[in-house]
Amino acid sequence: MDLLFPRGFTYPPEFHIPTLTGEPILQVGPVSYTNAHFTMLLVIVLLAAVAALATRTMRAVPSGLQNVTELLVQGLDDFVISIGGPDARRYLPFFGTLFLFILVSNWLSVVPLIGQVGILHSPTADYHINFAMAVVAWVAYQTEGFRVLRFGYAKRWLNFSGFKDGPFLGAIFVLVGLIELFSELFRMLTLTLRLWGNVLGGEIMLVVMAGLLLVPGLALPFVGLEVFIGLVQALVFALLVLMYFVLAIESHDEQPEEGAHREADRVPSSEQHPQASAA
Amino acid sequence: MEFAGLAAGIAVGFGVLGPGIGIGILTAKSSEAIGRNPDATGAIRTNMILGAALAEGLGILSFVLGILLWTRIG
């Protein structure tokens with residue numbers, strides 16, 4: 001018994017819950033370099049190395065690593081087009097980068113020692129990095145909306161077109177626009193917290209399960225669950241950002257053909273004025 | 001702060017109820033939809049995962065609240 005439990009048997013045993021954010025390993029004035037930063041660097045180096053190795057000797061008939069990479073890129077491309085149509089192909093690099101980075105980071109959080117030793121902490125289990133990604137995505141899709149629709153983009157928040165049908169409808173449209181504006185801000189928050197909560201919660205669950213079951217191998221089914229959740233969350237983050245892009249570039253204006261006789265179409269009725277099928 | 005642990009447990013427990021029911025209904029309905037129209041499996045699955053993630057986000061909010069309370073214990 002002394003060999004198995006040199007410090008005496010205690011249940012539950014001592015286990016180290018992963019910290020909520022990265023711990024600083026280097027501090028220069030107010031700026032700290034945390035272990036999450038360091039692990040993020042490892043992820044970036046890994047992805048860049050795979051990309052460089054796969055494209056170093058390109059062949060028309062791919063094999064090996066190039067084959068796998070092409071399969072991956074083609075799959076992401078097909079997925080983006082199935083979600084947003086050919087117009088959305090423009091956002092494939094951003095979508096793919098987010099997806100691959102988050103996927104590798106999420107899967108790192110399952111690996112033993114990451115989150116346990118001092119210099120390793122999964123990047124997506126630190127909400128600062130998630131928030132940075134959410135802010136970058138937010139600024140990018142707002143910019144894209146203004147680039148495509150010019151100032152017509154702001155019409156979804158400041159919509160006064162309802163006033164021509166009376167003050168009541170106008171007030172409702174303005175209110176709906178304000179709710180839209182607030183939901184834009186909440187998108188950043190929910191993107192951040194969803195990813196952080198899932199990854200950190202998974203890490204804590206793995207540690208607690210391994211601790212409570214005493215034998216670490218018994219927690220293996222939960223590792224499988226976490227691998228699946230990591231994939232789903234990476235897909236969801238990237239997919240939601242892609243959906244925000246697709247929503248941002250779609251116009252809320254009426255179609256030009258309808259605009260010619262807008263006065264007559266004041267009361268929309270699908271039976272009297274059948275829509276053109278090109279929607 | 002002696003009730004922080006209790007508060008964290010209650011917050012997470014009740015907060016996860018709603019998303020749990022929601023994801024259950026979502027999965028049941030999309031399974032039905034796939035059964036009725038197996039050709040649309042891809043689109044239904046994508047929408048299902050998206051909806052499940054949105055519903056789960058609410059549960060995660062309560063989990064984050066629980067973590068914030070849990071750090072007050074002690």
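The largest nonpolar core of this predicted model has 43 residues. Within this core, the residues with the most contacts are F95(A), L98(A), I102(A), F237(A), A238(A), V241(A) and L242(A). Two or more residues each are contributed by α1 (35-54), α2, α3 (92-108), α4 (127-149), α5 and α6 (220-249) of chain A, together with α2 (41-70) of chain B. The largest share, 11 residues, comes from α6(A). With residues up to four places away in sequence left out, V241(A) touches F95(A), L98(A) and A137(A).

**Confidence of the prediction**

For the complex, the predictor gives an ipTM of 0.76 and a pTM of 0.81. Chain A has an average pLDDT of 83, with 86% of the residues scoring at least 70. The mean pLDDT of chain B is 87, and 97% of the residues of chain B reach 70 or more. Among the elements of chain A, α3(A) has the highest mean pLDDT, 94, and helix α7 (residues 256-260) the lowest, 46. Over residues 256-265 of chain A, pLDDT stays under 50. For this stretch the model has five contacts beyond four places in sequence. Where pLDDT is low, the predicted coordinates should not be read in detail.

**Architecture of chain A**

Chain A comprises seven helices and two strands, in the order β-β-α-α-α-α-α-α-α from the N terminus on. Of its 279 residues, 25% count as buried. If contacts in chain A between residues at least 6 apart in sequence are considered, 63% of them join residues at least 24 apart.

Helix α5 of chain A covers residues 167-212, which is 46 residues. The distance from its first C-alpha to its last is 63 Å, close to the 68 Å expected at 1.5 Å a residue. A bend of about 30° occurs in α5(A) at F186(A). L189(A) also belongs to helix α5 of chain A. Is L189(A) buried or partly exposed? L189(A) has 13 C-beta neighbours inside 10 Å and therefore counts as partly exposed, since a buried residue requires 20 or more and an exposed one has 12 or fewer. Along the chain, L189(A) and G64(A) are 125 residues apart, and their C-alpha atoms are separated by 41 Å.

N67(A) is located in helix α2 (residues 65-84) of chain A. N67(A) is likewise partly exposed, because 13 other C-beta atoms lie within 10 Å. From N67(A) to V50(A) the separation is 17 residues in sequence and 12 Å in space, C-alpha to C-alpha.

**Positive phi values in chain A**

Three residues of interest are listed below with their phi values and positions.

| Residue | Phi | Position |
|---|---|---|
| L113(A) | near 80° | loop between α3 and α4 of chain A |
| R150(A) | near 55° | loop between α4 and α5 of chain A |
| L214(A) | near 65° | follows α5(A) |

The positive phi of L113(A) occurs in a residue other than glycine, and R150(A) is also a residue other than glycine with a positive value. What is the exposure of these two loop residues? L113(A) is exposed because 8 other C-beta atoms lie within 10 Å. R150(A) is exposed because 9 other C-beta atoms lie within 10 Å.

**Chain B and its contact with chain A**

Helix α1 (residues 4-36) of chain B has 33 residues. Does its length agree or disagree with the expected span? At 1.5 Å a residue this helix should span 48 Å, and its end C-alpha atoms are 48 Å apart, so the two values agree. α1(B) has a kink of about 25° at L17(B), shortly before the proline P19(B). P19(B) is also one of the buried residues of α1(B), the others being A8(B) and A11(B). These buried residues pack against α2 of chain B, the helix that also gives two or more residues to the largest nonpolar core.

The contact between the chains takes 11 residues from chain A and nine residues from chain B. On the side of chain B that touches chain A, eight of the residues are nonpolar, one is polar and none is charged.

Notes:
Residues are numbered from 1 along each chain as its sequence is written. Chains are lettered from A and ligands numbered from 1 in the order in which they are written. This is a predicted model: local features need pLDDT of at least 70, side-chain atom pairs count only at pLDDT 80 or more; totals for chains, interfaces and linings use all residues. pLDDT is the predictor's confidence in each residue, from 0 to 100. Two residues are in contact if their C-beta atoms, placed from the backbone, lie within 7 Å. Ala, Val, Leu, Ile, Met, Phe, Trp, Tyr, Cys and Pro count as nonpolar, Asp, Glu, Lys and Arg as charged, and the others, Gly among them, as polar. Helices (H or I, at least four residues) and strands (E, at least two) are DSSP runs, numbered from the N terminus. The expected span of a helix is 1.5 Å times one less than its number of residues. The bend at a residue is the angle between axes fitted to the seven residues ending there and the seven starting there. A nonpolar core is a set of buried Ala, Val, Leu, Ile, Met, Phe, Trp, Tyr and Cys residues joined through C-beta atoms within 7 Å.
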